[in-house]
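Okay, thanks for coming, everyone. I'd like to walk you through one structure today, so let me put it up on the screen.

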Amino acid sequence: MKTAITEMFGIKHPIIQGGMHYVGFAELASAVSNAGGLGIITGLTQRTPELLAKEIARCREMTDKPFGVNLTFLPAFTAPPYPEYIAAIREGGIKVVETAGRSPEQYMPALKAAGIKVIHKCTSVRHSLKAEQIGCDAVSVDGFECGGHPGEDDMPNMILLPRAAEELKIPFVASGGMADARSLVAALAMGAAGMNMGTRFIATKEAPVHDNVKKALVAASELDTRLVMRALRNTERVLKNKAVDRLMEIEREKGAGLKIADIHDQVAGAYPKVMIDGDLDAGAWSCGMVVGLIKDVPTVKELIDRIMADAELIIRERLIGFLDGTGPAQPARVA
Ligand SMILES: Cc1cc2nc3c(=O)[nH]c(=O)nc-3n(C[C@H](O)[C@H](O)[C@H](O)COP(=O)(O)O)c2cc1C
């Protein structure tokens with residue numbers, strides 16, 4: 001399948017693995033790139049630029065295919081040294097950066113001077129247009145369904161994607177709620193040139209996270225995510241657990257007066273405890289509604305091959321069947 005995104009990033013399939021804190025290590029990024037997608041290392045999971053340089057080198061040993069690095073600009077007590085992270089990315093020969101959170105405007109000259117393509121992940125048409133205007137090469141349009149930070153507009157992809165298609169000149173991928181061939185074909189139908197998946201890629205053999213996390217994703221339904229930190233305008237979609245129940249209790253008590261310090265115990269330092277130690281209740285951790293569509297833990301290659309084979313079945317049999325009046329008796333297999 002050839003789209004503006006496969007051409008732009010030099011990849012075989014229009015599938016990107018979004019940056020994920022304590023998940024996006026070299027093991028997952030290289031597996032996605034080796035399977036023909038675009039794997040992404042999560043920059044800030046590496047505590048220093050030097051460690052990021054090492055992770056890039058480690059990934060380079062695991063794949064000769066293109067892979068990218070995610071740089072997230074979220075509110076933090078102390079801002080990470082972004083220029084040094086960008087230097088590590090440049091010196092590591094990385095040609096694609098996924099930015100997210102606040103606008104990457106300030107860092108665009110440094111990224112562009114290094115010949116890096118920038119795909120900015122954002123949750124609204126206006127932020128997508130801003131990304132286009134400041135010189136981003138593509139956008140990852142992240143709907144309300146997504147795991148992580150869905151923004152404050154609550155706009156699901158069924159509306160957001162066609163709106164993005166109406167306004168944007170640069171290519172975009174659909175992000176949030178993407179799990180399988182149905183997601184990919186629907187995203188293409190709505191004007192996207194590919195898809196970005198987060199949660200689905202955690203439930204793969206190569207994702208370097210504790211088995212408890214993968215089991216929890218297979219067991220959860222689409223009803224099991226919650227939105228937290230709304231009052232802080234830093235909304236995050238997370239998997240419901242004991243810590244999230246407590247966090248929401250505190251949110252109810254404090255109302256609009258909630259401060260980040262009030263929920264420190266439920267959010268700070270949760271990721272390594274969950275992802276590495278498998279302590280699922282250690283705190284709030286991101287998870288998309290798409291968890292309701294995750295039924296197995298395949299290898300990344302099995303997942304991507306299945307998506308591409310099923311996409312072909314949906315397009316050639318189901319959709320063309322409707323046009324020809326020979327629609328399949330059974331819906332196309334879309335596991
Ligand atoms: C556990 C987890 C951690 C994430 N961490 C980050 C992150 O550090 N930076 C970022 O830009 N996005 C992060 N995301 C968002 C993903 O990159 C992606 O945009 C999102 O998961 C897409 O929605 P989906 O989960 O429905 O596929 C995270 C998502 C998950 C599930």
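Let me start with one residue: Arg 237 has 23 C-beta neighbours inside 10 Å, and since 20 or more counts as buried, Arg 237 goes down as buried. Keep in mind as we go that this is a predicted model. Arg 237 sits in strand 10. And what does Arg 237 touch, if we skip residues up to four places away in sequence? Quite a list: Cys 146, Gly 147, Gly 148 and Pro 150, then Thr 225 and Leu 227, and then Ser 286, Cys 287 and Gly 288. One more pair to look at: from Arg 237 to Glu 251 you go 14 residues along the sequence, and the C-alpha atoms are 15 Å apart in space.

Glu 251 takes us to the next stop, helix 11. Glu 251 is one of the buried residues there, along with Ala 243, Val 244 and Leu 247. Where do those sit around the helix? They cover an arc of only 95° around the axis, which puts them on the same side of helix 11. If you want the reason behind that kind of spacing, an α-helix has 3.6 residues a turn, so residues three or four places apart point the same way. Turn to the face away from the buried side and you get the exposed ones: Lys 242, Asp 245, Glu 249, Arg 252 and Glu 253.

So what do the buried residues of helix 11 pack against? They go against strand 9, at 225-228, strand 10, at 236-239, and helix 12, at 264-267. A quick sanity check on the geometry: helix 11 runs over residues 242-254, and at 1.5 Å a residue its 13 residues should span 18 Å; the end C-alpha atoms are 19 Å apart, which agrees. Just past the end of helix 11 comes Gly 255, with a positive phi of about 60°.

Now helix 10, residues 211-219, where Val 213, Ala 216 and Leu 217 are buried. Looking down the axis of helix 10, those buried residues fall within an arc of 100°, so they line one face. Exposed on the other side are Asp 211, Val 218 and Ala 219. The packing partners for the buried residues of helix 10 are helix 9, at 199-202, strand 10, and helix 13, at 270-275. Strand 10 comes up for helix 11 too, as a partner of its buried residues.

While we're talking backbone, here are two for the torsion people. Which residues other than glycine have a positive phi? Asp 154 is one, at about 55°. Asp 154 lies in the loop between strand 6, at 138-142, and helix 7, at 157-167. With 11 other C-beta atoms within 10 Å, Asp 154 is exposed. Met 229 is another, with phi near 65°. Met 229 is in the loop between strand 9 and strand 10. There, 19 other C-beta atoms lie within 10 Å of Met 229, and that makes Met 229 partly exposed.

One more loop residue, Thr 299, which lies between helix 13 and helix 14, at 300-324. Thr 299 has 13 C-beta neighbours inside 10 Å and counts as partly exposed. Setting aside neighbours within four places in sequence, Thr 299 is in contact with Thr 204, Lys 205 and Glu 206. Compare that with Glu 50, which is 249 residues from Thr 299 in sequence and 30 Å away, C-alpha to C-alpha.

Let's zoom out. The domain assignment splits the protein chain into domain 1, 4-208, and domain 2, 211-290. Taken over C-alpha atoms, their centres are 22 Å apart. How many residues does each domain put into the contact? Domain 1 gives 21 and domain 2 gives 18. On the domain 1 side, they divide into nine nonpolar, nine polar and three charged.

And the whole thing: the protein chain has 14 helices and ten strands. The radius of gyration is 19 Å, close to the 20 Å that the globule rule gives for 335 residues, so the chain is as compact as a globular protein of that length. Along the principal axes, the C-alpha atoms fill a box of roughly 60 × 45 × 40 Å. Of the 335 residues, 46% count as buried. And for contacts between residues at least 6 apart in sequence, 62% join residues at least 24 apart.

That's my tour, thanks.

Conventions:
Residues are numbered from 1 along each chain as its sequence is written. This is a predicted model: local features need pLDDT of at least 70, side-chain atom pairs count only at pLDDT 80 or more; totals for chains, interfaces and linings use all residues. Helices (H or I, at least four residues) and strands (E, at least two) are DSSP runs, numbered from the N terminus. The expected span of a helix is 1.5 Å times one less than its number of residues. A residue is buried if 20 or more other C-beta atoms lie within 10 Å of its own, exposed if 12 or fewer, and partly exposed in between; C-beta atoms are placed from the backbone. The arc is that of the directions from the helix axis to the C-beta atoms. Two residues are in contact if their C-beta atoms, placed from the backbone, lie within 7 Å. Domain bounds come from an automatic or database domain assignment. Ala, Val, Leu, Ile, Met, Phe, Trp, Tyr, Cys and Pro count as nonpolar, Asp, Glu, Lys and Arg as charged, and the others, Gly among them, as polar. The radius of gyration is taken over C-alpha atoms; the globule rule is 2.2 Å times the number of residues to the power 0.38.
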